[in-house]
Each structure stands twice: as C-alpha cells, then as structure tokens.
Amino acid sequence: IIVLIIMEYALIIWKKDPAGNNIKNNLLNLYNFSENGKYDDNDIYSYKNINLYTSETRHINCEHIDERLKEDVIIFLTTHRSESKIPSLSVHVAGNWGKAELGGEDKQLSIAYPSLMKEIFLEIKKNNTLENFEVIFEVSHHGPLLTKKPSMFVEIGSSEKEWSIPEAGKIIASSVMNCLSKKITKTKAVFGIGGLHTTPILTKAVEKSNLALAHVCPKYNLENLDEKMLKQAFERSYEKVEFALLDWKGMGKEKTRIIELLEKLNIEYKRTDKL
C-alpha cells in the first residue's frame, strides 16, 4: 500500500504588518478559507492542508514557533525593507551568520526547505505582472530561529509604498497557494557562498539547473563563515545539501580561506562560472 503523506503548512502574518495583511486579505478573498479556532486571540483560517495564523508577535521575534504549531512547514508572509527601496517580491530562509540584530540567535540558522523555496520563487516570477518589481532570492538573514521544522519568508518590498499594493499581495498569495497545492519538484540542494544580498549570480545558476539554494552566506558575511557555521549550513536543511556553490567573483579576499576550509572538511564545491 502506498501512503501519500500530505504536508501541512502554517502561513503566518504579524498583526501590525502592512504587507502581511495585504497578502492575508488576498488569501481570504481568493480562496475558500474557513474560521478554525484562535491563535494569539486572533482567528485561525483553514483551507485544505493550509492554516493561516495572525500573530501578535513580530515575525522576526517568533522564536521556536515551530514547536508550538502542529504543521510541518512554517511560511512567514511579510514586508521586506531595503535601503535601495527597489520594489521587490522576495523569498529567503532565516538565520544569523554573526550577531543577531533582528531576532534569532547569534550564529544560528533556521532549517531551509530548498526545493519549496525555489518553487515559490519561480512561481512568483512567472506570475509577476508588476512593472519595475524585481523577484529576488535573498541570503539567509534575521530571525526567528526555528530548529525543529523548515521555514521561510515570502515578502513584499521594499518600502511603505509597495507593501499595500493589492496586486503585489495577490501575486504572493496565489503563488504560495499554487505551490502548496501540488507535489514539489525534487531538486538538488546546495549551499550558496558569496555575492550580493540579492544573490543574482547564484540565482541565475540554480534557475537554469535542477539545483536549489538552501542557506546562502553573502560576501559581506564571509568573515563569519567558520567550520561551525559551515557544518550548520549543511545540516540545517530539510533536504540533504549536496555541495557548496560558489559565486567565485563574489567571494573577495575570503576566497582562499574558504576554499581551504571546504577542502579540510572534504566538502565538495562548484563554481557558478564553471557549471
């Protein structure tokens, strides 16, 4: 007998988050969610294998929320802020390579779900009708720390102007729901090293292959990538991480040290420019 295990998903928004509420409104308008109990004194909404929670706690501070929820995967639907203020729709996993300044713990990573993150990223890209909006896959950054179940962030950025655009909320809502209602395409998980916060080189490399990014440590955080963090980047993934994928030009002065570290630990690595 073949038993099909259907995963359960928790979608979480923070009550005071404009982008989260925008996405929530679209979810409730587009899908037949029904009320199903309370969480944090707010209604829980359910649709098939998906539960939508509204949290009183800011998303980056929802430490170990995976231990309190019954679902298998946690997805935070939130705002994305950046100095550049470039309009964007983004996907990433949480984790701190160094000091935890926005939730989580120092030098601790959450559990990535590479193939699902890639699927959602590609679905958003396919559905994006907004002019001037970039679809980006970000490096691992900020909290919260979740170590029992995989989690990710799906965001509207990068400033107040974009957070409440109904179409942006609709694109995120429908893209996430489309992915959660079908079988996830199995990919080869890789750990991305180097490059910019928005991972343009690494993203391009995985888009045209069967690879998917798990954690990504950018150029500006490479000094924090020691043996302990390297092992964590490989271990904290729902799917086995096969090798390290290097944005060669984006490794700067840390290149030699990191290559030596990878070789010392017998970790296979490939360069994006040699794929």
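## H2 against H4

The axes of helices H2 and H4 cross at roughly 135 degrees and come within 9 Å of each other. That angle makes H2 oblique to H4, and the crossing is right-handed. Keep in mind as you look around that this is a predicted model.

Who does the touching here? On the H2 side, the contact is made by Leu 116, Glu 119, Ile 120, Glu 123, Ile 124 and Asn 127. H4 answers with Ile 171, Ile 172, Ser 174, Ser 175, Val 176, Asn 178, Cys 179 and Leu 180. Sorted by class, the residues of this H2 and H4 contact come out as 8 nonpolar, 4 polar and 2 charged.

## H1 against H4

H4 (residues 166-180) also packs with helix H1 (residues 18-30), at an angle of about 60 degrees and with the axes 8 Å apart. H1 and H4 are therefore oblique to each other, and their crossing is right-handed.

From H1, the contact takes in Asn 22, Ile 23, Asn 26, Leu 27 and Leu 30. From H4 come Pro 166, Gly 169, Lys 170, Ile 172, Ala 173 and Met 177. The class count for H1 with H4 is 7 nonpolar, 3 polar and 1 charged. Ile 172 is worth clicking on: it sits in the H4 contact with H1 and turns up again in the H4 contact with H2.

## H2 against H5

H2 has a contact with helix H5 too, and here the packing angle is about 95 degrees, with the axes 12 Å apart. That makes H2 roughly perpendicular to H5. The residues involved are Lys 118, Phe 121, Leu 122 and Lys 125 of H2, together with Thr 203, Val 206 and Glu 207 of H5. By class they divide into 3 nonpolar, 1 polar and 3 charged.

## The buried sides of H5 and H6

Which residues of H5 (residues 200-207) are buried? They are Leu 202, Thr 203, Ala 205 and Val 206. Looking down the H5 axis, these buried residues fall within an arc of 160 degrees, so they line one face of the helix. As a reminder, an α-helix has 3.6 residues a turn, so residues three or four places apart point the same way. The cover over the buried residues of H5 includes helix H2 (114-127), strand S9 (134-137), S11, S12 and S13.

Helix H6 (residues 227-235) has its own buried set, made up of Met 229, Leu 230, Gln 232, Ala 233 and Phe 234. Covering them are, among others, strands S7 (95-96), S8 (108-109), S11 (188-193), S12 (211-217) and S13 (241-246), plus helix H7 (255-264).

## Phe 137

Phe 137 lies in strand S9. With a relative accessibility of 4%, Phe 137 counts as buried. Leaving aside residues up to four places away in sequence, Phe 137 touches Val 91, Met 117, Phe 121, His 197, Thr 198, Thr 199, Thr 203, Leu 213, Ala 214 and Val 216. Two of those names are familiar: Phe 121 and Thr 203 also take part in the contact of H2 with H5.

How far is Phe 137 from Glu 105, C-alpha to C-alpha? The two are 32 residues apart along the chain, and their C-alpha atoms are separated by 22 Å.

## Backbone oddities

Have a look at two cis peptide bonds. One runs from Gly 143 to Pro 144, with omega near 5 degrees, and Pro 144 is in the loop between S9 and strand S10 (151-158). Another joins Gly 157 and Ser 158, with omega about 5 degrees, and this Ser 158 is found in S10.

Then there are positive phi values in residues that aren't glycine. His 64 has a phi of about 55 degrees; its place is in the loop between strand S4 (50-55) and strand S5 (73-81), and His 64 is partly exposed at a relative accessible area of 22%. Asn 266 has phi near 55 degrees and is found in the loop between H7 and strand S14 (269-271). At 71% relative accessibility, Asn 266 counts as exposed.

## Ser 209

Coming out of H5, the loop that leads to S12 holds Ser 209. At 27% relative accessibility, Ser 209 counts as partly exposed. Ser 209 and Thr 187 are 22 residues apart in sequence, and their C-alpha atoms are 9.0 Å apart in space.

Note on methods:
Residues are numbered from 1 along each chain as its sequence is written. This is a predicted model: local features need pLDDT of at least 70, side-chain atom pairs count only at pLDDT 80 or more; totals for chains, interfaces and linings use all residues. Side-chain values use heavy atoms; hydrogens and water are left out. Axes are lines fitted to C-alpha atoms, for helices over the stretch in contact, and angles run from 0 to 180 degrees between N-to-C directions. Helices (H or I, at least four residues) and strands (E, at least two) are DSSP runs, numbered from the N terminus. Angles under 35 degrees count as roughly parallel, over 145 as roughly antiparallel, 65 to 115 as roughly perpendicular and the rest as oblique. A crossing is left-handed if the near helix is turned anticlockwise from the far one by less than a right angle, and right-handed if clockwise. Contact means heavy atoms within 4.5 Å. Ala, Val, Leu, Ile, Met, Phe, Trp, Tyr, Cys and Pro count as nonpolar, Asp, Glu, Lys and Arg as charged, and the others, Gly among them, as polar. Buried means under 20% relative accessible area, exposed over 50%, partly exposed in between (1.4 Å probe, protein chains only). The arc is that of the directions from the helix axis to the C-beta atoms.
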